[in-house]
Amino acid sequence: MKWDERRIAIIEELKKRGINPYPQKYEITHTIPEIRKFERSEKPTDPFIFDISTAGRVANIRRHGKISFVDIFDEGERLQLQLRVNELGEKYEDFFRIVDRGDVIGVRGDLFYTMKGELTLRVKDYTMLAKALIEPPDWTKMSPEFRYAHRYVDFLYNDSARKAMEIRYTTIRTIREFLYSKGFVEVETPILQPVYGGALARPFKSHVNYLNEDWYLRISLELYLKRYIVGGFDKVFEIGKVFRNEDIDVTHNPEFTLLELYWAYADYNDIMKLTEQMIQEVVRKVKSNDLKLTYTIAGKEYTIEFSQFRKVSMLEAVSEALGKSVEEMTDEQLKELMKKYELRPRGDTYVRGLMIEKLFDKLVVPNLIQPTFVIDYPIETTPLCKPHRSKPGLVERFELFIAGMELANAYTELNDPILQDQLFRQEQEMFKKGDEEAHPYDKDFIRALSYGMPPTGGLGIGIDRLVMLLTNNMSIKEVIPFPMLSAKLIEED
């Protein structure tokens, strides 16, 4: 690690003087955000709050003879300090010898407003709390790779990065509060599992030394949450990390945050209403009661309206895109369209329902800008969903698309253990034919269903993509605190 030699020398000097450059604690009376809330005094240039202490990181130093000014910041807020020889004596000059940009300092003094109306703390004493050994970067010149690899620097000096995190955690908190208000219970499920499942994805494998068995990082929350439903918990949800050993791009990260909920005695229509209400509540909270937001796609700004969600079936949407009914097309015609659009089948088999889904992803999804529920998928797409009650060959499933992204996936959950067993076995045949994302057979889950799971509606929402939408970010890396990068990038000096 390359440290600033001059800053190292300052540390040695402080230690020789009996000053600890990294003390254990500092008492503050007010944080900088609390100080910023003080109202303006009637006599601006006179102190109106006396002898308070706060702490922050030095942003810049402006020296002007016997009176100088310093900006410090903490929790995203800045405060101007005034340093005067009259108050500090010998410590005035000492400040400029030992304090640099990036250092964390504690200060005590009196609060006042300058003639220009700037809230300012007139410093009577200061303390070094953490000597920075690296010069702060010019955040306007930081590359995306540097920002993602050293996110703590990004949060410190890039207001938009910090704001994105604030919106992220406001979103998660709002979802929790909304679901609590609807009677849902927050539960936990295991991250390491002997059988991964609940989605079609490649897992990360680990080895449990004590058991001498290979286990997997979860790819979904679904199957264990359904075990709660079997166990008599009628409304459950979890917000947690899941892991899929797949692509890294602008909308995918191998580690991401997922909300899943399950509601006994409900179906996908009930879940659809709940999802619309929940998304609207989040948008209101983040956008100060507004149900509109602006999102940029390929350089073009779109106003997205959340007051009403559109609903369309997958077959209708694909037919509209093709200009003819997809239901009337033969399997061979669908196969020719797959080749035309350079789409690969799952595994090496052209399955009708899966071909329709691939065409939907290619031709329809990019154009779904306004909130749209796409409903009633081909049965081959979803091994964990209940067949449609009135439309043979389809399942009761919906996905929510906004700004050309999938944000939510929901089912009327399959609770027939015999049919579930058959679908799992079909997935195993797909795996044998080369489909690495096929769903594994989960014997214990079949056993759980065999005890009887009530009719249930389930929902999954990708938290990261929702935050992308709320923050007008086109890359998932911008909204994940510490996105996955090559270790080489992280370790670079």
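Reader: Leaving aside neighbours within four places in sequence, which residues is Glu-238 in contact with?
Author: This is a predicted model. Glu-238 sits in strand E10, residues 235-243. Leaving aside neighbours within four places in sequence, its contacts are Val-187, Glu-188, Thr-189, Arg-218, Leu-221, Leu-225, Leu-258, Leu-259 and Glu-260.

Reader: Is Glu-238 buried or exposed?
Author: The cut-off for buried is under 20% relative accessible area. Glu-238 has 6% relative accessibility, so Glu-238 is buried.

Reader: Which side chains make polar contacts with the side chain of Glu-238?
Author: One polar contact spans 3.3 Å and goes to the side chain of Arg-218. Another spans 2.6 Å and goes to the side chain of Thr-189. The partners are Arg-218 and Thr-189.

Reader: What covers the buried residues of H8?
Author: Helix H8 covers residues 222-230. Its buried residues are Glu-222, Leu-223, Leu-225, Lys-226, Arg-227 and Ile-229. Leu-225 is also one of the contacts of Glu-238. The cover includes helix H14 (443-450) and the strands E10, E11 (255-264), E17 (405-412) and E18 (456-462).

Reader: Which residue with a positive phi follows H8?
Author: H8 ends at residue 230. The phi in question is near 100°, and the residue is Gly-232.

Reader: Is Ile-134 partly exposed or buried?
Author: Ile-134 lies in the loop between strand E5 (119-130) and helix H5 (144-149). Partly exposed runs between the 20% and 50% cut-offs. Ile-134 has a relative accessible area of 47%, so Ile-134 is partly exposed.

Reader: What accessible area does the nonpolar patch with Ile-134 have together?
Author: Ile-134 shares this surface patch with Met-1 and Trp-3. Together their accessible area is about 370 Å².

How values were computed:
Residues numbered from 1 in each chain as written. Predicted model: local features only at pLDDT ≥ 70, side-chain atom pairs only at ≥ 80, totals over all residues. Heavy atoms only, no water. Helix = DSSP H or I, 4+ residues; strand = E, 2+ residues; numbered from the N terminus. Buried < 20%, exposed > 50% of the residue type's maximum accessible area, 1.4 Å probe, protein only. Polar contact = N/O pair within 3.5 Å; in protein donor to acceptor, adjacent residues only side chain to side chain. Contact = heavy atoms within 4.5 Å. Patch = residues over 30% accessible without salt bridge, like charges linked within 9 Å, V, L, I, M, F, W, Y side chains within 5 Å. Areas by Shrake-Rupley, 256 points an atom, 1.4 Å probe, with all protein chains shown as cover. Salt bridge = Lys/Arg side-chain N within 4 Å of Asp/Glu carboxyl O.
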